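User: Please take a close look at one part of this model, the strand pairing, and set out how it connects with the rest of the chain.

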Amino acid sequence: MIDDYIRAAMTQNQIPGLSVAVVQSGEPVLVKGYGLANIEHSVRATEHTVYEIASVGKTFTATAIVLSKI
């Protein structure tokens with residue numbers, strides 16, 4: 001079910017590849033890569049793929065700070 005959801009979201013948002021971790025009660029339930037990490041070289045995305053996130057990290061940091069204050 002989650003595979004279908006992720007693949008549909010990737011298609012709808014034109015996302016070539018991503019890695020996902022679903023954690024429940026502190027334990028990983030799903031750790032998986034989808035699509036391509038590098039389109040030019042046809043490198044598959046895996047659970048170990050390292051992505052360059054540029055300035056997006058600032059958004060995650062700010063969100064984490066706000067959530068810690070709630």
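Analyst:
**Strand pairing and its surroundings**

In this predicted model, Asn38 stands opposite Val43 of strand 3. That pair belongs to the contact between strand 2 and strand 3 (residues 43–44), which is antiparallel and has 2 bridges. The two strands form a hairpin with 4 residues between them, and in its turn Ser42 has a positive phi of about 50 degrees.

Strand 2 also pairs with strand 1. Here 8 bridges join the strands, again in the antiparallel sense. Within this pairing, Ala21 has Val31 of strand 2 as its bridge partner. The hairpin of strand 1 and strand 2 has 2 residues between the strands, and Ser25 takes a positive phi near 55 degrees.

The order of elements puts these strands in context. The protein has 2 helices and 3 strands, and from the N terminus on they run α-β-β-β-α.

Strands 1 and 2 also contribute to the largest nonpolar core, whose 6 residues are Ile6, Met10, Leu18, Val20, Leu30 and Tyr34. Helix 1 (2–12), strand 1 (17–24) and strand 2 (27–38) are the elements that each give two or more residues to this core. One of the core residues, Ile6, touches Leu18, Val20 and Tyr34, when residues up to four places away in sequence are not counted. In soluble globular proteins, nonpolar side chains tend to be buried together.

A polar link involves strand 2 as well. A search of the whole structure finds 1 salt bridge. Asp3 forms this salt bridge with Lys32, and the closest N and O atoms are 3.2 Å apart. Asp3 lies in helix 1 and Lys32 in strand 2, so the pair ties together parts that are 29 residues apart in sequence. Neither partner is classed as buried: Asp3 counts as partly exposed because its relative accessibility is 22%, and Lys32 counts as partly exposed at 26%.

For the protein as a whole, buried residues make up 17% of the 70 residues. The radius of gyration is 14 Å, where a compact globule of 70 residues would have one near 11 Å. Along the principal axes, the C-alpha atoms fill a box of roughly 40 × 30 × 25 Å. Of the contacts with a separation of 6 or more, 25% are between residues 24 or more positions apart. The accessible surface comes to about 5,900 Å², and 59% of that belongs to carbon and sulfur atoms.

Key: Residues numbered from 1 in each chain as written. Predicted model: local features only at pLDDT ≥ 70, side-chain atom pairs only at ≥ 80, totals over all residues. Heavy atoms only, no water. Core = buried A, V, L, I, M, F, W, Y, C linked by side-chain atoms within 4.5 Å. Buried < 20%, exposed > 50% of the residue type's maximum accessible area, 1.4 Å probe, protein only. Contact = heavy atoms within 4.5 Å. Salt bridge = Lys/Arg side-chain N within 4 Å of Asp/Glu carboxyl O. Rg over C-alpha atoms; globule rule 2.2 N^0.38 Å. Areas by Shrake-Rupley, 256 points an atom, 1.4 Å probe, with all protein chains shown as cover. Pairing = 2+ DSSP bridges.
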